[in-house]
Amino acid sequence: MTTPVCTSASKAAAPVPSYTPYTSFSSYVRARGPVLLRTARSLTSNPSDAEDLLQTALTKTYVAWERIEDHRALDGYVRRALVNTRTSQWRKRKVDEFACDELPEPETVPATDPAEQQVLHDAMWRAVMKLPDRQRAMVVLRYYEDLSEAQTAEVLGVSIGTVKSAVSRALGKLREDPGLSPVR
C-alpha cells in the first residue's frame with residue numbers, strides 16, 4: 001500500500017534562498033527608519049501624516065531599488081522622495097480656508113452662573129408643586145420626562161385632548177405665578 005504524498009508540504013519544505021535582492025532594502029529600512037521618520041515629521045505637522053509620507057517614499061524607493069546604482073546615497077534618494085511626495089500632496093490638497101474681512105466665530109455668550117441656574121430650578125419646582133395633582137403630573141410627564149401628548153395620555157389613562165387642555169391651563173398658571181416673576 002502506498003501512502004499519499006502531499007505535494008504542497010514537500011514544496012513548503014524546500015529550502016528558500018537566504019538572500020533575495022530586497023533583503024538589503026529591509027535591513028536599510030530597519031537601520032535608517034527612525035532617522036527618515038524624523039525627516040518626514042519635519043515636513044508635516046501630524047505624526048500620523050509623517051508615517052504615511054515615509055511609507056509612500058519607501059514604497060517608491062522599493063520599486064526603484066534595483067535601479068539605484070549607488071546604495072551609499074540612499075538617504076538622499078529617500079529624502080528627495082519624501083520632499084517630492086509631500087510637494088505633490090500639498091499641490092493636490094483642497095483649500096478649505098479662505099481669507100475674509102470678518103471673523104466667522106459667533107459672539108461668545110457669557111456663561112450662566114450655576115447659582116443662578118439653581119435658583120431658577122428651585123423657583124420652577126416650587127411653582128410646579130403649586131399646580132393641582134393632575135396638571136402637575138401632566139406637566140412633569142410632558143416636559144420633564146419628555147413624553148409626547150399621546151404617551152402622556154396613555155400613562156394617565158385620559159384622552160389626548162384632556163392632556164392638551166390641562167397642560168395649556170397649567171402653563172398659564174405657571175406664567176402667572178408670582179414666584180417666577182423675577183425669572184421673566
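A residue counts as exposed when its relative accessible area is over 50%, as buried when that value is under 20%, and as partly exposed in between. Keep those cut-offs in mind while we walk through this structure, which is a predicted model.

Start with the overall plan. The chain has 8 helices and 0 strands, so reading from the N terminus you meet α-α-α-α-α-α-α-α. Of its 184 residues, 22% count as buried. The accessible surface of the chain comes to about 14,100 Å², and carbon and sulfur atoms make up 56% of that. What about contacts along the chain? Among those with a separation of 6 or more, 52% are between residues 24 or more positions apart.

Now let's look at helix H8, which covers residues 160–176. H8 has 17 residues and reaches 25 Å from its first C-alpha to its last, close to the 24 Å you'd expect at 1.5 Å a residue. Which residues of H8 are buried? They are Val-163, Ala-166, Val-167, Ala-170 and Leu-174. Look down the axis of H8 and you'll find these buried residues within an arc of 100°, so they line one face of the helix. That face has company: the buried residues of H8 pack against H5, H6 and H7. Turn to the face pointing away from the buried side, and you find the exposed residues Arg-175 and Glu-176.

Helix H4, residues 74–92, can be read in a similar way. H4 has 19 residues and spans 27 Å from its first C-alpha to its last, close to the expected 27 Å. Its buried residues are Leu-74, Asp-75, Val-78, Ala-81, Leu-82 and Thr-85. Around the axis they cover an arc of only 125°, which puts them on the same side of H4. And what do the buried residues of H4 pack against? Their partners are H2 and H3. On the face of H4 turned away from the buried side sit the exposed residues Trp-90 and Arg-91.

That packing brings us to the nonpolar cores. In soluble globular proteins, nonpolar side chains tend to be buried together. Here, the largest nonpolar core has 16 residues, and those with the most contacts inside it are Tyr-28, Leu-36, Ala-40, Leu-54, Leu-58 and Leu-82. Helices H2, H3 (47–63) and H4 each supply at least two residues of this core. Zoom in on Ala-40 for a moment: leaving aside residues up to four places away in sequence, Ala-40 touches Ala-50, Leu-53, Leu-54 and Leu-82. Apart from the core of 16 residues lies another one, of 8 residues, among them Ala-123, Val-128, Ala-170 and Leu-180. You've met Ala-170 already, as one of the buried residues of H8.

Next come the charged pairs. The structure holds 4 salt bridges, and we'll visit some of them. In one, Arg-32 pairs with Asp-75, with their closest N and O atoms 2.6 Å apart. Arg-32 lies in helix H2 (residues 23–43) and Asp-75 in H4, so this pair ties together parts that are 43 residues apart in sequence. Are the two partners buried or exposed? Arg-32 is partly exposed, with a relative accessible area of 26%, while Asp-75 is buried at 17%, because that value is under the 20% cut-off.

Another salt bridge joins Lys-130 and Asp-177, whose closest N and O atoms are 3.5 Å apart. This pair also links distant parts of the chain: Lys-130 is in the loop between H5 (114–129) and H6 (133–144), whereas Asp-177 is in the segment after H8, 47 residues apart. Lys-130 is exposed, with a relative accessible area of 57%, but Asp-177 is buried, at 8%.

A third pair involves Arg-72 and Asp-70, with the closest N and O atoms 3.1 Å apart. Arg-72 is exposed, with a relative accessible area of 78%, and Asp-70 is partly exposed at 36%.

One last stop is a backbone oddity. Asp-146 lies in the loop between H6 and helix H7 (149–156). Asp-146 has a positive phi of about 60°, although it is not a glycine. With a relative accessible area of 65%, Asp-146 is exposed.

Methods:
Residues numbered from 1 in each chain as written. Predicted model: local features only at pLDDT ≥ 70, side-chain atom pairs only at ≥ 80, totals over all residues. Heavy atoms only, no water. Salt bridge = Lys/Arg side-chain N within 4 Å of Asp/Glu carboxyl O. Helix = DSSP H or I, 4+ residues; strand = E, 2+ residues; numbered from the N terminus. Buried < 20%, exposed > 50% of the residue type's maximum accessible area, 1.4 Å probe, protein only. Contact = heavy atoms within 4.5 Å. Areas by Shrake-Rupley, 256 points an atom, 1.4 Å probe, with all protein chains shown as cover. Core = buried A, V, L, I, M, F, W, Y, C linked by side-chain atoms within 4.5 Å. Expected span 1.5 Å × (residues − 1). Arc of directions from axis to C-beta.
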